[in-house]
Amino acid sequence: MNPFQKNESKETLFSPVSIEDVPPRPPSPPKKPSPKICGSNYPLSIAFIVVNEFCERFSYYGMKAVLILYFLYFLHWNEDTSTSIYHAFSSLCYFTPILGAAIADSWLGKFKVLSLVGLSLIALGTGGIKPCVAAFGGDQFEEKHAEERTRYFSVFYLSINAGSLISTFITPMLRGDVQCFGEDCYALAFGVPGLLMVIALVVFAMGSKIYNKPPPEGNIVAQVFKCIWFAISNRFKNRSGDIPKRQHWLDWAAEKYPKQLIMDVKALTRILFLYIPLPMFWALLDQQGSRWTLQAIRMNGNLGFFVLQPDQMQVLNPLLVLIFIPLFDFVIYRLVSKCGINFSSLRKMAVGMILACLAFAVAAAVEIKINEMTPAQPGPQEVFLQVLNLADDEVKVTVVGNENDSLLIESIKSFQKTPQYSKLHLKTKSQNFHFHLKYHNLSLYTEHTVQEKNWYSLVIREDGNSISSMMVKDTESKTTNGMTTVRFVNTLHKGVNISLSKDTSLNVGEDYGVSAYRTVQRGEYLAVHCRTEDKNFSLNLGLLDFGAAYLFVITNNTNQGLQAWKTEDIPANKMSIAWQLPQYALVTAGEVMFSVTGLEFSYSQAPSSMKSVLQAAWLLTIAVGNIIVLVVAQFSGLVQWAEFILFSCLLLVICLIFSIMGYYYVPVKTEDMQGPGDKQIPHIQGNMINLETKKTKL
């Protein structure tokens, strides 16, 4: 009789297992103690890993810092499309770690994936790096140094944010302060982070000989899926009421898979279930680089002692992380502990969610205040009109509608700066307006066509002893997306070439020629070089501030020479960018409590054979969070402040659900999990494994 023939008794709980499912493992050689840093219990290999992470995060966050503005200004996409593509890219970066984790845990091991695949193939690089680097650092510690390993995750997160801090500050400067081909230098802004990736590869490879490199555990991802599938199918086949129930649904895999694997899969599924609500937190956190940056471009970055570009505001996040991590670790958490409060990892994460909710509530309040300061937009069958009187004396302007009704009556002095545009209502989408102009003893009539939802300037100019008018269409949208724009009207009888910067110039035609709008950097332009065909001169344009659109009229004053008369088509941003500080402080405090704690929690709760897999699952929640933002940006149709409130309320609901789930979660202790070297490998005979058949008490 075949000794492995299946016993038909219902008490038989194990059946033969192929050797392919549980490969034999040779005995591990004794481990040599790894060198330590300055006599501490921190392995020297950690230094190489942390420096590598610093360089890699410098590259990643430096590129992301300018990405949303690259879409908006260079590719000229709208805000919703730019936001969607930004978060689609972020989501892809956090989806690929699943692939990297599968390769690391089942084939090459964390070291080879991190160095060869991750840093050689940049497109999949973050997928190779992210699931491995945190877990690989944790692998460097011995079990007796568990406390130092816990501190390592804070140091690891500090290195991430140190790289992010420097790159987020420097990369926008490379973009804005350097000109390439007459525009912002995005090539340099993307190139420098790429160079840091090369440095990251070199630094990481230098520590190769001293790393503790746990071997891969076989195709662990495939084993997990097979174990789960077998348990489900086996339970379905044995659904008869005569068959005893089992304590856990994964216990139905006991006929084919070893106990240790089933225990590991149980731990894995319990944590994955706990991860289900987490993406909503990342949906809020990652909007710092998209929606919050778009909010910053409508604010004034002049802080008095320093001028911040909109994409540089993101530097607050890593800067505050560097401050908050030691503050929370050494002050706040210890004070809470002394008060007798059990501030567990899951409770910290729940509080982090609440802080992110508050951050978005503050962001909504800031958005509402910005909208109050933003000029109104013309609606359907409406236009906004301003009159620029460039004649030498006062002109009375009357706008006459199709039914000879007076729509607007104004007396405009010579070179008078009008305080605001006047709103005119149309009968149709496009309409002709008649203008009655009174100048000295002259009475003139002229006609111009306007279209709805636009801004116009009626320019009145001298024409010998008389006057004439021309209608100029202003910006199609009453916003400059945070940039500073200028245009010129040339009253001279010769064309003028204007050099706004080393790589930016424009030509304005003679006799009231009007230039198009040109984008310039915010700053003071006290001596702008200009030239005609026979003369060079300079113009003082003064301060060109954030978000403003300026009109300059070049005139030749007999007493003062050539000058530029300045008026604002669009007023400068009035609300200081410093008002974003509270929302950044709240969301960063939430990040420290949620993300740093979550990294350590994921590593400590993961079975030893699935460290990278669980890190990848943690990163997968970030990917899903970015998809949530993408969907809301494309399909919600909400105004921005309402969208912020929506995210805040959604996370508050998710926080409540997560708190309930966390209440029933029982953390796995380190001593309850066996390492790979501790697993019992059954005796192998032929192609089958002998398993003792016995009745299991359930």
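I took a patch to consist of residues with over 30% relative accessible area and no salt bridge, nonpolar side chains being joined within 5 Å. The model I consulted is a predicted one.

**Entry 1: nonpolar patch**

I looked up which residues make the nonpolar surface patch. I found Leu92, Phe95, Val624, Ile627, Val631 and Phe635, which together form a patch of about 530 Å². I then noted the elements that give two or more residues to the patch: they are α2 (79-95) and α15 (611-635). Helix α15 gives the most, with four residues.

**Entry 2: Ile627**

I examined one of the patch residues, Ile627, and located it in helix α15. Is Ile627 buried or exposed? I recorded a relative accessible area of 33% for Ile627, and this residue is therefore partly exposed. The cut-offs I applied were under 20% for buried and over 50% for exposed.

**Entry 3: open sheet**

I turned next to an open sheet of four strands and traced the order β6-β3-β9-β10. The pairing in this sheet is mixed. I asked why one side of β6 and one side of β10 are left without a neighbour in the sheet. Strands β6 (422-425) and β10 (466-473) stand at the edges, and each has a single partner strand, so one side of each lacks a neighbour there. I also noted that neighbouring strands of the sheet are turned by 30 degrees against each other on average, direction ignored.

**Entry 4: β9 and β10**

I followed β9 (residues 454-463) along its pairing with β10, which is antiparallel and runs over eight bridges. Within this pairing I looked up Tyr456 and found that it stands opposite Lys473 in β10.

Notes
Residues numbered from 1 in each chain as written. Predicted model: local features only at pLDDT ≥ 70, side-chain atom pairs only at ≥ 80, totals over all residues. Heavy atoms only, no water. Pairing = 2+ DSSP bridges. Axes fitted to C-alpha atoms, helices over the stretch in contact; angles between N-to-C directions. Patch = residues over 30% accessible without salt bridge, like charges linked within 9 Å, V, L, I, M, F, W, Y side chains within 5 Å. Areas by Shrake-Rupley, 256 points an atom, 1.4 Å probe, with all protein chains shown as cover. Salt bridge = Lys/Arg side-chain N within 4 Å of Asp/Glu carboxyl O. Buried < 20%, exposed > 50% of the residue type's maximum accessible area, 1.4 Å probe, protein only.
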